[in-house]
Amino acid sequence: MTAQTHVPSLLSRTGAVSVLTLAAVGGTLLVPGAAPEAEAATHAVKALKVAASKKGSPYRYGATGPYRFDCSGLTVYSFKKAGKKLPRTAQQQYNKTRHISSAKRRKGDLVFFHSGRNVYHVGIYAGSGKIWHSPKTGALVRLEKIWSRGVWYGRVN
């Protein structure tokens, strides 16, 4: 009997144990397909935290950090610090990621701005319709609401 089948049968026998009860007493619940809490801090969430830590860093075309960034330089730097390698440009990053719908986006996914089939900007999804990004010359790395419906989402594998 596996842990995944054992826990539901334990719950059904007692009839009184809920997920909230388990949480209150420090228990754990194994759910098929769910990752333990310790594994929930994925490379994407780590990359998001790195990007947020760069708030206020100035934009510089072609820069990949640690003190100045262009848009794809920020994503390259953030994911590298989280243990994942990305290609250099926004278009190359789009080509390399697993494309997902907006309904399936999660914190740490990449957000690609495009014109037609050409990707021209990238940021890291922060939740609540916002991204961390390095926008343009004269601007600083910042958290900003996604301003366009014309975006694609990609997940770094």
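1. Start with Arg155 and Asp109. In this predicted model, their side chains make a polar contact at 2.8 Å. The side chain of Arg155 also reaches the backbone oxygen of Lys104, at 2.8 Å. So one arginine side chain has both a side-chain partner, Asp109, and a backbone partner, Lys104.

2. Is Arg155 buried or exposed? Arg155 is buried: its relative accessible area is 10%, and the cut-off for buried is under 20%. Arg155 belongs to strand β6, which covers residues 151-155.

3. Which residues surround Arg155, once neighbours within four places in sequence are set aside? The contacts are Thr97, Arg98, Ile100, Lys104, Arg105, Arg106 and Asp109. Two of these names, Lys104 and Asp109, are the polar partners from point 1.

4. Now the sheet that holds β6. The sheet is open and has 6 strands, in the order β1-β6-β2-β3-β4-β5. The pairing is antiparallel. β1 (98-100) and β5 (142-145) are the edge strands. Each has a single partner strand, so one side of each lacks a neighbour in the sheet. From one strand to the next, the twist averages 45°.

5. Look at the β1 end of that order. β1 and β6 run antiparallel and are joined by 3 bridges. Ile100 stands opposite Tyr153 of β6. Ile100 is also among the contacts of Arg155.

6. Which helices meet the sheet? Helix α3 (residues 43-53) lies across β3 (118-127) and β4 (130-133). Its direction is at about 100° to β3. Helix α4 (residues 71-81) packs on the sheet too, where it touches β2 (110-115), β3 and β4. The direction of α4 makes about 45° with that of β3. Both helices therefore involve β3 and β4.

7. Aromatic rings deserve a separate look. How many aromatic pairs are there? The count comes to 5. In one of them, Phe69 and Tyr77, the ring centres are 5.3 Å apart and the planes stand at 65°. The cut-off for edge-to-face is over 60 degrees, so this pair is edge-to-face. Phe69 and Tyr77 are both buried.

8. Ring pairs also build a cluster. The cluster links Tyr94, Phe112 and Trp152. Phe112 falls within the residue range of β2 (110-115), and Trp152 within that of β6 (151-155).

Definitions and conventions:
Residues are numbered from 1 along each chain as its sequence is written. This is a predicted model: local features need pLDDT of at least 70, side-chain atom pairs count only at pLDDT 80 or more; totals for chains, interfaces and linings use all residues. Side-chain values use heavy atoms; hydrogens and water are left out. Helices (H or I, at least four residues) and strands (E, at least two) are DSSP runs, numbered from the N terminus. Buried means under 20% relative accessible area, exposed over 50%, partly exposed in between (1.4 Å probe, protein chains only). A polar contact is a pair of N or O atoms within 3.5 Å; within protein, one must be able to donate a hydrogen and the other to accept it, and residues adjacent in sequence count only if both atoms are side-chain atoms. Contact means heavy atoms within 4.5 Å. Rings of Phe, Tyr and Trp (its six-membered ring) pair if their centres lie within 6.5 Å; planes under 30 degrees apart count as stacked, over 60 as edge-to-face and the rest as tilted. Two strands pair if DSSP finds at least two bridges between them. Axes are lines fitted to C-alpha atoms, for helices over the stretch in contact, and angles run from 0 to 180 degrees between N-to-C directions.
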